[in-house]
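Here is a briefing on how two protein chains meet. Please look over the sequence and the structure before reading on.

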Number of protein chains: 2
Amino acid sequence: MGTARHNLRVDGARLWSTLMETAEFGATPAGGINRLTLSPEDGRVRDWFRAACEAAGLIVGTDELGTQFALRPGRDMTRLPIATGSHLDTQPTGGRFDGILGTLAGLEVVRTLNEAGLETEAPILLVNWTNEEGSRYAPATMASAAHVGTFATADILSRTDADGVSVAEALGRLDIVATEPTGARAIGAFVELHIEQGPILEAEEKTIGVVEGGQGILWFDGTITGFESHAGTTPMPRRRDALLGLAEVALAVERIAHAHGPSAVGTLGEAVIGAPSRNVIPGRVRFTLDIRDPRAATLDAIEGELRTTLTEIAARRSLAITLELVWRQEPVPFDPGIVALVERGAEALGLPHRRMVSGASHDACNLALRVPTAMIFVPCKDGISHNEAESATSADCTAGADLLLQTLLSLANAPRATLQG
Amino acid sequence: MGTARHNLRVDGARLWSTLMETAEFGATPAGGINRLTLSPEDGRVRDWFRAACEAAGLIVGTDELGTQFALRPGRDMTRLPIATGSHLDTQPTGGRFDGILGTLAGLEVVRTLNEAGLETEAPILLVNWTNEEGSRYAPATMASAAHVGTFATADILSRTDADGVSVAEALGRLDIVATEPTGARAIGAFVELHIEQGPILEAEEKTIGVVEGGQGILWFDGTITGFESHAGTTPMPRRRDALLGLAEVALAVERIAHAHGPSAVGTLGEAVIGAPSRNVIPGRVRFTLDIRDPRAATLDAIEGELRTTLTEIAARRSLAITLELVWRQEPVPFDPGIVALVERGAEALGLPHRRMVSGASHDACNLALRVPTAMIFVPCKDGISHNEAESATSADCTAGADLLLQTLLSLANAPRATLQG
C-alpha cells in the first residue's frame, strides 16, 4: 500500500461553510437538524448534494433504495473505486455533524483534488447512504446492509414508517428514480469519516480516533412479572415487586459489563411499568437491554452470566423474568492494512490519535463484511450526539478531512496488487 | 361500655344475595364492577340503596356531596346515633366487596334488628359515603374528609374529573338534591366493616382483623437527573445513568422499610424514563414513592434515612435526585374502647382474630379525627383488591356482619356515660 505523502490540504473554511449551508435543510430553532430519511427536507439536501457533486465534475447514480453514488474518474478505470461518504439523514432532533461531516468531507476532498488538478489511479466514489439513522424506517443502515446483501431490496422497499408509508412510496414522493440495482456498484475500499459520538477523544485530548472495527451488539427485550398488590396492605416480605426485580437486573447488567471492561457496555434504555399507580406495587415491567463489546466471546460470556443472575433474582423474588434476543450483530473488524494506513497518516499529519472501536453502528460496519474498510473519528463536544446540542470544532473537522484526503490518495494511488489481486 | 351479648345473628344468605344483586349495577364481563362515583351506574345503586333502606323503615337524608344517611330511630332520640357503613362506588375495574360489604352488612344488621323486633337505645345510622375510591375525583374519601372539616364543601364541589365534569355537575346529572349540609349530621360512634385488601388474615387463617387504626402515609414525587448519552459509545465509568440511580433508590426504600418492619412499607409505584430509547442511556427518570407506618416517628425516621441514602447515591453517581413530599397523612389511632369491644365480640363469637393496622385509607380514618371509631376486617382471597378478581367467602362476610351486629348493639345499648358525657 502506498505511503507517499502529499502536502495537499483541504480548505477547512470551505468545508465548514458547506456544513453550515446544508444545515439549513431541516434546521431546528435549537440549532439542530430534523431531516428524517426520504422526508421533503432530505429530498432538498439530496438535490443540493447531486448539484454540488455534478458541479465538481462527478457522475451521480442512484440505486433502488435512493443511495447516491458520485464518481470521480481515475486514470485507470479498470480499477475498483476507492469509496468514502456517510449519510445526510438525521434523527428527528439530530445535530449538524453525525453523518453529514463524513459526506461533505468527501465532497471537500474531491474539490481539493480538482483544484490541485490531481488525478488518482483508481476512481474516487463519494456515497450518500439512505437511512443510516433508522428513525423513520427500521433497520438503521438499511441501504448499506442491502448493498452487501444482508437484506433483500424488495424487503427493505416494503418497510413502512409510523404513518404506514413504505420506503418505495417515500422514494416515489421525492421522484427518486433508480439508475442502478442495489448492490451493483462495485467498491474497492471504503473509508468513512465520522464524529466519535462518545466522550473518549475529547477527554484524552486526541484529535483522531483510528477505528479498528465496530462492536458486536446484542439487543434483548425483557419482561419481569410479579404480582400487583396494594402498596399499603402488602407486607414487605410478601411482595413480588417487578420494579425491584428490574432494579436488580439493571445493577447486574452494570456490574457484569464493568467486570468485562473497559470495552464492554450494557444499557437498559427502556423500562415501562404495566398499569402504574402510585399506591400499587408494580406487577409487570418490560425493558430493553443493549450489550456491546468488540469480541463475540465476551458478548457470549456476558449473556451467560446475565442469564444465571436473572435466574437467581427471579427465584429469590418469586418473579418470572424473560430475556429474548431480538438482534445480534457480530463484531466487525476493519481492514488491518487500511487501519494502519490511517494511523500512519495521522502520525504524518502530526495529529494526536488513538486506536478505538466504534461503539455505534455505521454504514462502514456493513461495508466491512464485503470490502476492505476503515473509519476515522474526530471528537464531538461532551460526547453528545443524536441531539441538537451536538457540536464539533472546525479545526477537528478539518483535521479529519485532511486525514481522509491522505488516506484516499494513498489507497487510490496504491500499487494495484495491494488491494486487488 | 356494654358487654351484653345477643344470640342474634344476621341472615348470611340474604347478605350474600344482596351483595350479588347490587353487583349487577356496573357489572363487568370479568366478574367485577365498574361503578365510578356519581356515574350513571352509581346513580342506579344509590336509588336501589335508598329504596332498600326505606323498605327497612329507615329515614334517608343526603348531604351536599351526595353522601346518603339512613337512620333507624332509637328509643332515646336525644342520643347521638351509632353509625356504620362504607361506600358503594368502585374502581374502574373494581371488585364486589371493597366498600360494598360494609354498606350492605349495615343494611343486613338493620334488617336483622327489624325481624327480631329489637329497638336500640341510641339510633343506628347507615352511611353510604360518596367517592371513597378517588378514581374519578381526587382526593379519595373526599366526602368523609369534608364531613369532618378537612376540606371545605365548596372546594370539593368544584373538583373536576378527567373530562372536566365537576362534582357539582355530576351530582346534578343524577338529580341528587341535598337535604342537609355536609358535616351537619352528628355521629356518636362509627364502626366500618371492610375486606382487609391484604394477605395477612388469609395467610394466618384468621376470620377477623381487629383494626387498631390507620397507618400514616407519606407520598413523594421524585426525579433523578443524569445525562442522556449513546449506549454504544459511552464507557461504563463515564455514565450518569438515571435508571441505575432509580434502581438504587428502589432497593434502598425496600431495605429501609424492611429495617423498620414488620409494619413499615415503602413502594415505588410509578417510574417513567424521559424520552426512552433502546440505545440511549436514560438521562431523566421521575418516580412516585409511598411510605406507610402506624407510627409518625417511624415515618420521620424512614424519610430521614432515605434522604441520607439518596444524597449518597446522587454524589457517587453524579446524579441530581429530588424528593418532594406531596402528601402526609398522620397515623390515625382508633378508639381503644371500641377496638376492645370488637375484640371481645370476636372472642364471644368464637371467631379467630388478630389485631392489625389498616394499610389502606378508609372513610373511618377521617371519622376517627372527630368521632370514636373502629373497623372490622375480614379476609379477601390472596389479598387481592382493586381488581375484578377480588373475592371473599360468604362465611367470612357473614362472620364480619355478625360481629358488626354485636358491636353496634353493644354501642347503641351502652350506658349513656360510656360514649357521651
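The points below cover the interface, its symmetry, an annotated domain and salt bridges.

This is a predicted model, in which local features need pLDDT of at least 70, side-chain atom pairs count only at pLDDT 80 or more, and totals for chains, interfaces and linings use all residues. Residues are numbered from 1 along each chain as its sequence is written, chains are lettered from A and ligands numbered from 1 in the order written, and side-chain values use heavy atoms, with hydrogens and water left out.

**Interface extent**

- Chain A and chain B each give 55 residues to the contact (heavy atoms within 4.5 Å).
- The buried area between the chains is about 4,600 Å²; this is the accessible area (1.4 Å probe) lost on putting the two parts together, summed over both.
- Carbon and sulfur atoms give 63% of that area.
- A:T233, A:M236 and A:R278 supply 17% of what chain A buries against chain B, more than any other three residues.

**Interface make-up**

- Four salt bridges cross between chain A and chain B (a side-chain nitrogen of Lys or Arg within 4 Å of a carboxyl oxygen of Asp or Glu).
- One of these pairs B:R278 with A:D221, at 2.7 Å from N to O.
- The interface also has 16 residue pairs in polar contact, both residues at pLDDT 80 or more. A polar contact is a pair of N or O atoms within 3.5 Å; within protein, one must be able to donate a hydrogen and the other to accept it, and residues adjacent in sequence count only if both atoms are side-chain atoms.
- Elements giving two or more residues to chain A's side include β7 (216–225), α8 (242–259) and β12 (284–293) of chain A. Helices (H or I, at least four residues) and strands (E, at least two) are DSSP runs, numbered from the N terminus.
- α8(A) brings the largest share, ten residues.

**Symmetry**

- A turn of 180 degrees and a shift of 0.0 Å along the axis lay chain A on chain B with an RMSD of 0.1 Å (least squares on C-alpha atoms of residues with pLDDT of at least 70 in both).
- The two copies are therefore related as by a two-fold rotation axis.
- A:A247 has the C-alpha nearest the axis in chain A, 2.0 Å away.
- Both copies use the same surface: 100% of chain A's contact residues recur in chain B.

**Annotated domain**

- An unreviewed UniProt entry places "domain: Peptidase M20 dimerisation" at residues 215–315 of chain A; such annotations may be inferred rather than shown by experiment.
- That span is 38% helix and 30% strand, and its end C-alpha atoms lie 33 Å apart.

**Salt bridges overall**

- The count over all chains is 48 salt bridges.
- A:R136 and A:D161 form a salt bridge, with closest N and O atoms 2.9 Å apart.
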